[in-house]
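Visitor: I am new to this structure. Please walk me through it, step by step.
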Amino acid sequence: MKKFIMSAICVMAMVSCQTQQSLYSWYDSEDATYTYTKRGTEEALAEAMAQYEKVISKQNGLRKVVPPGVNAEYGYLLCKAGKKEEGLTLLRAEIKAYPESEKFISRIINQLEK
């Protein structure tokens, strides 16, 4: 009986140490955004935009959807880079994916459409 209990405890310990997969795949988007915010160069902007494209196109997380805020951040960067229609499309996609963001994102859309 003691061997069974010890075996069960060992199995439970091993299972509890297993790492869980993240809900979303962020890749290096946080670092790229930080670098762009800090430096503000065209090169840093291009890297941040490339990372956002990767996050949007290749989701390996458990939910298999774009993380909250990514469409909005990338859309805003596109608007700043002169690609207004693409940016507005992504901002609207953020509202569609996360309806609770509508109040905030709709204000940004209104400002950009003026």
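**A loop residue and the cores**

Guide: Start with Leu 62. Setting aside neighbours within four places in sequence, Leu 62 is in contact with Gln 21, Ser 22 and Leu 23. Keep in mind that this is a predicted model.

Visitor: Where does Leu 62 lie, and is Leu 62 buried or exposed?
Guide: Leu 62 lies in the loop between H3 and H4. Exposed means over 50% relative accessible area. Leu 62 has 51% relative accessibility, so this residue counts as exposed.

Visitor: What distance separates the C-alpha atoms of Leu 62 and Tyr 24?
Guide: Along the chain, Leu 62 and Tyr 24 are 38 residues apart. In space, their C-alpha atoms are separated by 6.5 Å.

Visitor: How many helices and strands does the protein chain have?
Guide: Read along the sequence, the pattern is α-α-α-α-α-α. The count is 6 helices and 0 strands.

Visitor: Which helix gives the largest share of the largest nonpolar core?
Guide: That core has 14 residues, and Tyr 36, Met 49, Tyr 74 and Leu 77 touch the most other members. Helix H2 (29-39), helix H3 (42-57) and helix H4 (70-80) each supply at least two of its residues. The largest share, 6 residues, comes from H3.

Visitor: Which residues is Leu 77 in contact with, leaving aside its neighbours within four places in sequence?
Guide: Leu 77 is one of the residues that touch the most other members of the largest core. Its contacts, with those neighbours left aside, are Tyr 36, Leu 45, Ala 48, Met 49 and Tyr 52.

Visitor: How many residues are in the other core?
Guide: This core lies apart from the largest one. Among its members are Ala 72, Leu 88, Leu 91 and Ile 109. Its size is 7 residues.

Visitor: How many residues of H4 are buried, and what covers them?
Guide: H4 is mostly covered, with 8 of its 11 residues buried. Ala 72, Tyr 74 and Leu 77 are among the buried ones. The cover includes H2, H3, helix H5 (84-97) and helix H6 (102-113).

Visitor: Which residue just after H4 takes a positive phi?
Guide: Look just past the end of H4. The phi there is about 95 degrees, and the residue is Gly 82.

Visitor: What share of the protein chain counts as buried?
Guide: The protein chain exposes about 8300 Å², and carbon and sulfur atoms supply 58% of that area. Buried means under 20% relative accessible area. Of the 114 residues, the share that counts as buried is 31%.

Key. Residues are numbered from 1 along each chain as its sequence is written. This is a predicted model: local features need pLDDT of at least 70, side-chain atom pairs count only at pLDDT 80 or more; totals for chains, interfaces and linings use all residues. Side-chain values use heavy atoms; hydrogens and water are left out. A nonpolar core is a set of buried Ala, Val, Leu, Ile, Met, Phe, Trp, Tyr and Cys residues joined through side-chain atoms within 4.5 Å. Buried means under 20% relative accessible area, exposed over 50%, partly exposed in between (1.4 Å probe, protein chains only). Helices (H or I, at least four residues) and strands (E, at least two) are DSSP runs, numbered from the N terminus. Contact means heavy atoms within 4.5 Å. Accessible areas come from the Shrake-Rupley method with a 1.4 Å probe; for residues, only the protein chains shown count as cover.
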